[in-house]
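Here is a short report on one protein chain. Keep the sequence and the 3D view open while you read.

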Amino acid sequence: MAEAYRGVIGAFPYAFRQGDSLFFRLYVIVGTLAALFVGGLFTLALVVWIGQTAATPGGSLTLSRTFIAVVGLFTAGPLLAPTLLVARKHRKGLSYHPRYDTIMAALGYAFLISLYVAAIISMPESFTLDGEVVTRPQPSGLTAPIVAVLYAIPQPGAIAPPAGLLGVMAAVHYVLSR
C-alpha cells in the first residue's frame, strides 16, 4: 500500500506524485486551476447576486442563490473528480485498468471542453452589459460551422454536454475499476 495523504487537499500533490502518466500529471495542474477558476467565478456570481438582491425579502431569491451554489459545485466537482479518483486508486493500492490514470485525465479534459461548449450554447443573441446592448459575434474562421450549430441549439440544451460527460466519466470509472 502506498503512503497515505491527509484530507482532500493532500490528495492533489499525492495524485501528482503517484500518477502513471505525464498526461495525468498535467491534468492535475490544469484541472485544479480550472476548478479554482470556475469556483471563483461562481463565488463572485453569488456575491454579486446577493448584493443586487440584499434588500429583497427571501423566498424565490433564496432558492436562486442556492441554485448558483449548486451549479458551481456540479461544475467544479467533476473537474476535480479524476484527480481524486486516481489518488484514491493509488492510496488503496487498487488494481484498475493499466491506463486508468490517462483515461480519467482525458475525460477531465473532455469535461473542461464540454463546459466551454455549454458556454457557447448558453450565450444569448444579445444582452445588456454596462448599459450597452451587446450582440454575440457571428461565427467566423475555421470553427464557424461548429459554432453556428452550437448557436442554433436552444439555451436550455447547454446542460447536455457537461451532464453527458459527467455520466460518461462515472460509467468509465465504474467499468475500469471492476
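Which helix holds Asp101? Asp101 sits in helix H4. The model is predicted, and the report returns to Asp101 below.

## Overall layout

The protein chain has six helices and two strands. Read from the N terminus, the order is α-α-α-α-β-β-α-α. The two strands therefore follow four helices and precede two more, with helices and strands taken as DSSP runs.

Along its principal axes, the C-alpha trace spans about 60 × 45 × 25 Å. Contacts reach far along the sequence. Of those with a separation of 6 or more, 69% join residues 24 or more positions apart.

## Surface and charge

The accessible surface of the protein chain is about 10800 Å². Carbon and sulfur atoms own 71% of that surface. Of the 178 residues, 31% are buried.

The chain carries 11 positive and 6 negative charges. The mean position of the positive set lies 17 Å from that of the negative set.

## Asp101 in helix H4

Is Asp101 buried or exposed? Asp101 is buried, because its relative accessible area is 0% and the cut-off for buried is under 20%. This is an acidic residue, counted as negative.

What does Asp101 touch, apart from neighbours within four places in sequence? Its contacts are Gln18, Gly19, Asp20, Phe24, Val86, Lys89 and His90. One of these partners, Phe24, comes back twice in the next section.

## Pro82 and Thr83 in helix H3

Pro82 lies in helix H3. Thr83 is found in helix H3 too. Pro82 counts as buried, because its relative accessibility is 0%. Thr83 is likewise buried, with a relative accessible area of 0%.

Which residues does Pro82 contact, beyond those within four places in sequence? They are Phe24, Tyr27, Met104, Gly108 and Met169. Thr83, with residues up to four places away left out, touches Phe12, Ala15, Phe24, Tyr27 and Val28. Phe24 and Tyr27 appear in both sets.

Pro82 also pairs with Ala105 in space. The two are 23 residues apart in sequence. Their C-alpha atoms are 6.1 Å apart.

## The largest pocket

How much space lies in the largest pocket? The figure is about 540 Å³. The lining is made of 16 residues. Nearest the centre of the pocket are Phe42, Val71, Thr75, Leu115 and Pro162.

Four elements each give two or more residues to this lining: helix H2 (22-52), helix H3 (60-92), helix H4 (100-122) and helix H6 (160-176). Which of them gives the most? H4 does, with five residues.

## Asp130 between the strands

Where does Asp130 lie? Asp130 is in the loop between strand E1 (126-129) and strand E2 (132-135). Its phi is near 55°, a positive value in a residue other than glycine. Asp130 is exposed, because its relative accessible area is 78% and the cut-off for exposed is over 50%.

Asp130 and Pro145 are 15 residues apart along the chain. Their C-alpha atoms are separated by 30 Å.

## Ala148 in helix H5

Ala148 is found in helix H5, residues 144-152. Ala148 is partly exposed, because its relative accessible area is 36%, a value between the limits of 20% and 50%.

How far apart are the C-alpha atoms of Ala148 and Ile120? They are separated by 9.8 Å. Along the chain, Ala148 and Ile120 are 28 residues apart.

Note on methods: Residues numbered from 1 in each chain as written. Predicted model: local features only at pLDDT ≥ 70, side-chain atom pairs only at ≥ 80, totals over all residues. Heavy atoms only, no water. Buried < 20%, exposed > 50% of the residue type's maximum accessible area, 1.4 Å probe, protein only. Contact = heavy atoms within 4.5 Å. Areas by Shrake-Rupley, 256 points an atom, 1.4 Å probe, with all protein chains shown as cover. Charge placed at Lys NZ, Arg CZ, Asp CG, Glu CD. 1 Å grid on protein atoms, 1.4 Å probe; cavity = no way out; pocket = protein on both sides within 12 Å on 5 of 7 lines; lining within 4 Å. Points joined across faces, edges and corners; volume = space filled by probe spheres on them.
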